[in-house]
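Trainee: I've got a structure open and don't know where to start. Could you walk me through reading it?
Mentor: Happy to, let's take it feature by feature.

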Amino acid sequence: MCFLKIEGIHHTYFTKDMAVTALSDIGLSVEEGEFISLLGPSGCGKTTLLSIIAGLVVPTEGRVLIGGTPASAATREIGYMLQQDYLFPWKTIEENVLIGLKLANALTPKRREAAIRLLGEIGLPGVEKKLPKQLSGGMRQRAALARTLAAEPKVLLLDEPFSALDYQTKLKLEDLVSSTLKGLGKTAVLVTHDIGEAIAMSDRIYLFSPSPGRIHKIFDLPESIRRLTPFDSRNHESYSKLFKEIWKELESLEK
Ligand SMILES: Nc1ncnc2c1ncn2[C@@H]1O[C@H](COP(=O)(O)OP(=O)(O)OP(=O)(O)O)[C@@H](O)[C@H]1O
């Protein structure tokens with residue numbers, strides 16, 4: 001069933017002395033539990049589209065539906081995970097993880113218990129009373145994931161969440177995020193510059209072209225690679241072929 005629907009999105013930013021059309025004629029559908037990636041050259045409107053899905057930017061034209069209802073920033077339907085973890089440095093990990101629920105006046109003992117359990121499940125047992133500065137970069141991103149999931153969003157928006165991490169930590173977190181989201185049946189949209197990451201994590205990749213941002217090509221990943229973990233996908237026989245195909249398309253866009 002189509003869960004996240006993006007219809008006829010067109011967006012122009014108006015500044016004092018000019019207008020920049022960031023997106024034109026964007027339409028796509030994502031089923032519940034699917035993981036898609038947005039890939040493309042710098043400035044092709046990937047972040048703008050995420051902000052529109054999150055309800056943070058109102059598009060000039062078009063609309064976003066989640067489960068048939070217009071998306072809005074005012075609800076807890078959407079979770080955002082960014083390159084920086086944005087944990088509050090003076091709050092403990094537990095306080096950070098629960099902050100979204102607290103602000104939304106939705107913190108219950110059951111949800112608190114579930115959030116603490118989630119911290120354990122994603123490899124952070126016993127860190128609840130620690131401050132962010134006492135954790136490594138990878139551990140902080142795990143805590144950021146727990147904070148995002150604690151609010152029980154229906155759709156997760158991931159804006160280059162691994163790009164500030166060292167390579168080994170990034171590979172580990174790709175596997176962790178993928179298995180956690182699959183386990184919970186969450187729908188996710190990832191923005192990345194990393195072709196390998198997009199292949200390893202996605203069910204489908206949307207390659208954007210710039211000026212204005214449009215969907216240039218869609219890559220549906222074969223079932224044989226989709227059912228693997230991101231790490232194993234990188235070792236699958238069709239990985240290199242897909243990588244080359246996407247790389248060639250990207251190069252043609254930058255000419
Ligand atoms: N607030 C803004 N005001 C004016 N123009 C903007 C604004 N935000 C983005 N743009 C312009 O819109 C276009 C798309 O930008 P956007 O950041 O969405 O692209 P992107 O694909 O995410 O880029 P990158 O990969 O470099 O992060 C660019 O031309 C950018 O300069």
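**Reading the model step by step**

Mentor: Let's begin with a helix check. Helix α3 (residues 109-121) has 13 residues, and at 1.5 Å a residue it should span 18 Å. Its end C-alpha atoms are 18 Å apart, which agrees. Keep in mind that this is a predicted model.

Trainee: Which residue follows α3, and what is the sign of its phi?

Mentor: That's Gly123, and its phi is positive, near 85°.

Trainee: What should I know about side chains when I look at strands?

Mentor: In a regular strand the side chains alternate between the two faces of the sheet. Now for the case here: an open sheet of four strands runs in the order β2-β1-β4-β5, with antiparallel pairing. At the edges sit β2 and β5 (69-70), each of which pairs on one side only.

Trainee: How many bridges join β1 to β2?

Mentor: Nine, between strand β1 (residues 2-14) and strand β2 (residues 19-31), and the two run antiparallel. You can trace the ladder yourself: Tyr13 has Val20 as its bridge partner in β2, while His11 has Leu23. The hairpin that links β1 to β2 goes through four residues.

Trainee: Where does helix α1 lie?

Mentor: Helix α1 (residues 46-53) lies across β1, β2 and β4 (61-66), and it runs at about 60° to β2.

Trainee: Which residues are around the ligand?

Mentor: Among them are Tyr13, Thr15, Val20 and Ala22, along with Gly43, Lys46 and Thr47. You've met two of those already, as Tyr13 and Val20 are bridge partners. The elements giving two or more residues to this shell are β2 and α1, and α1 gives the most, with three.

Trainee: How does the shell divide into nonpolar, polar and charged residues?

Mentor: Four are nonpolar, seven polar and one charged.

Trainee: Zooming out, how is the protein divided into domains?

Mentor: Domain 1 takes in 2-77 + 154-254, and domain 2 covers 84-152. Notice that domain 1 is written as two stretches. The C-alpha centres of the two domains lie 25 Å apart.

Trainee: How many residues of each domain are in contact?

Mentor: Eleven residues of domain 1 are in contact with 13 of domain 2. On the domain 1 side, helix α5 (residues 167-184) gives the most, with six residues. By class, that side has seven nonpolar, two polar and two charged residues.

Notes: Residues numbered from 1 in each chain as written. Predicted model: local features only at pLDDT ≥ 70, side-chain atom pairs only at ≥ 80, totals over all residues. Domains from an automatic or database assignment. Contact = placed C-beta atoms within 7 Å. Nonpolar A, V, L, I, M, F, W, Y, C, P; charged D, E, K, R; others polar. Pairing = 2+ DSSP bridges. Axes fitted to C-alpha atoms, helices over the stretch in contact; angles between N-to-C directions. Expected span 1.5 Å × (residues − 1). Near = placed C-beta within 6 Å.
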